[in-house]
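Dear colleague,

I am passing this structure on to you, and below it you will find notes on what came out of going through it. Please read them with the model open beside you.

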Amino acid sequence: ATLHDLFAAEHSYVDANLAGLYGVNLPAGDAPFSRVKLPSHRKGLVGQGGLLATLSHAEDTSVAHRGLLFSQALLCQPIAPPPAGAADQASLKLFNPNDLDATARQHFEFAQTNAPECTGCHQHFAWFGLGLENFDAIGAHRSETPSKRTIDTHVTVKDQDALDGTYASSIEVAGAIAAS
């Protein structure tokens, strides 16, 4: 297969468990894994449940882990490690204590105001993680958070030359990378 297929494939191989997670019908037959057409919101490598789950916390997604994969592995952009003690202070500045049910994007917007020392780096990779928030911690598609807030997956890419622009989700960004 081509690099384009890796990022933009509209098919995958699923068993009964993955078919349920992906919301697709398993073809008749007794093959352990069958090729299926994926829903439009799930394409290529970044739409695979296993990858999405690996880049999540046990019970929730991780904008940082998902974003770092994209920036470092897919765009080859090095991101410096966080300064010592950053993780200990993060919960005090990155999550709005007045709105614990906020979406990941709302928390990120809160952090941009309250923790500029963090967002100076996070702004370079968090956009991709935010664009994958429509997949929960195990990679199931969703349009709302558990608290029934609508998830906004739009991504605005800046300073990436031909990729610059606004996309509906990170799945579209991956497709643009594949086409570039």
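Lys43 is partly exposed, with a relative accessible area of 26%, where buried stands for under 20% relative accessible area, exposed for over 50% and partly exposed for what lies in between, computed with a 1.4 Å probe on protein chains only. The side chain of Lys43 meets that of Glu10 in a salt bridge at 3.6 Å, N to O, a salt bridge being a side-chain nitrogen of Lys or Arg within 4 Å of a carboxyl oxygen of Asp or Glu. This pair links distant parts of the chain, since Glu10 sits in the loop between α1 and β1 and Lys43 in the loop between β2 and α3 (49-54), 33 residues apart. Helices here are DSSP runs of H or I with at least four residues, strands are runs of E with at least two, and both are numbered from the N terminus.

Before going further, please note that this is a predicted model, in which local features need pLDDT of at least 70 and side-chain atom pairs count only at pLDDT 80 or more, while totals for chains, interfaces and linings use all residues. Residues are numbered from 1 along each chain as its sequence is written, and side-chain values use heavy atoms, with hydrogens and water left out.

Salt bridges

The structure holds five salt bridges, and Glu10 takes part in another besides the one described above, with Lys37, at 3.4 Å, N to O. Because Lys37 lies in strand β2 (residues 34-37) and Glu10 in the loop between α1 (3-8) and β1 (11-14), this pair ties together parts that are 27 residues apart in sequence. Glu10, Lys37 and Lys43 are thus linked in a network of salt bridges. As for their surroundings, Lys37 counts as exposed at 60% relative accessibility, whereas Glu10 counts as partly exposed at 39%.

Strands β1 and β2

The strands β1 and β2 run antiparallel and are joined by four bridges, where two strands are taken to pair if DSSP finds at least two bridges between them. Within this pairing, Val14 stands opposite Ser34 in β2. In a regular strand the side chains alternate between the two faces of the sheet. Along β1, Ser12 and Val14 point to one face and are buried, while His11 and Tyr13 point to the other and are not.

The loop between α8 and β3

Which residues meet in the salt bridge at 3.2 Å, N to O? They are Glu133 and Arg142, whose side chains come together in that bridge, and Glu133 is buried, as is Arg142. Glu133 lies in the loop between α8 and β3 and has a relative accessible area of 6%. Leaving aside neighbours within four places in sequence, Glu133 is in contact (heavy atoms within 4.5 Å) with Thr61, Val63, Ala104, Arg142 and Ile151.

Asp136 is found in the loop between α8 (126-130) and β3 (155-157), and at 22% relative accessibility Asp136 counts as partly exposed. Not counting residues up to four places away in sequence, Asp136 touches Ser56, Thr61, Arg66 and Arg142. The C-alpha atoms of Asp136 and Leu52 are separated by 8.0 Å, although these residues are 84 apart along the chain.

Lys148 also lies in the loop between α8 and β3, and is exposed, with a relative accessible area of 60%. Its phi is near 70 degrees, a positive value in a residue other than glycine.

Cysteines

How many disulfides does a search of the whole structure find? The search finds zero, a disulfide being a pair of cysteine sulfur atoms within 2.5 Å. Cys76 is in no disulfide, and the nearest cysteine sulfur, that of Cys121, is 18 Å away. The sulfur of Cys121 is in turn 8.8 Å from the closest cysteine sulfur, in Cys118, which is too far for a bond. Cys121 is partly exposed, with a relative accessible area of 38%, whereas Cys76 counts as exposed at 62% relative accessibility. Cys76 has its place in the loop between α4 (63-74) and α5 (86-94), and shows a positive phi of about 55 degrees although it is not a glycine.

With best regards
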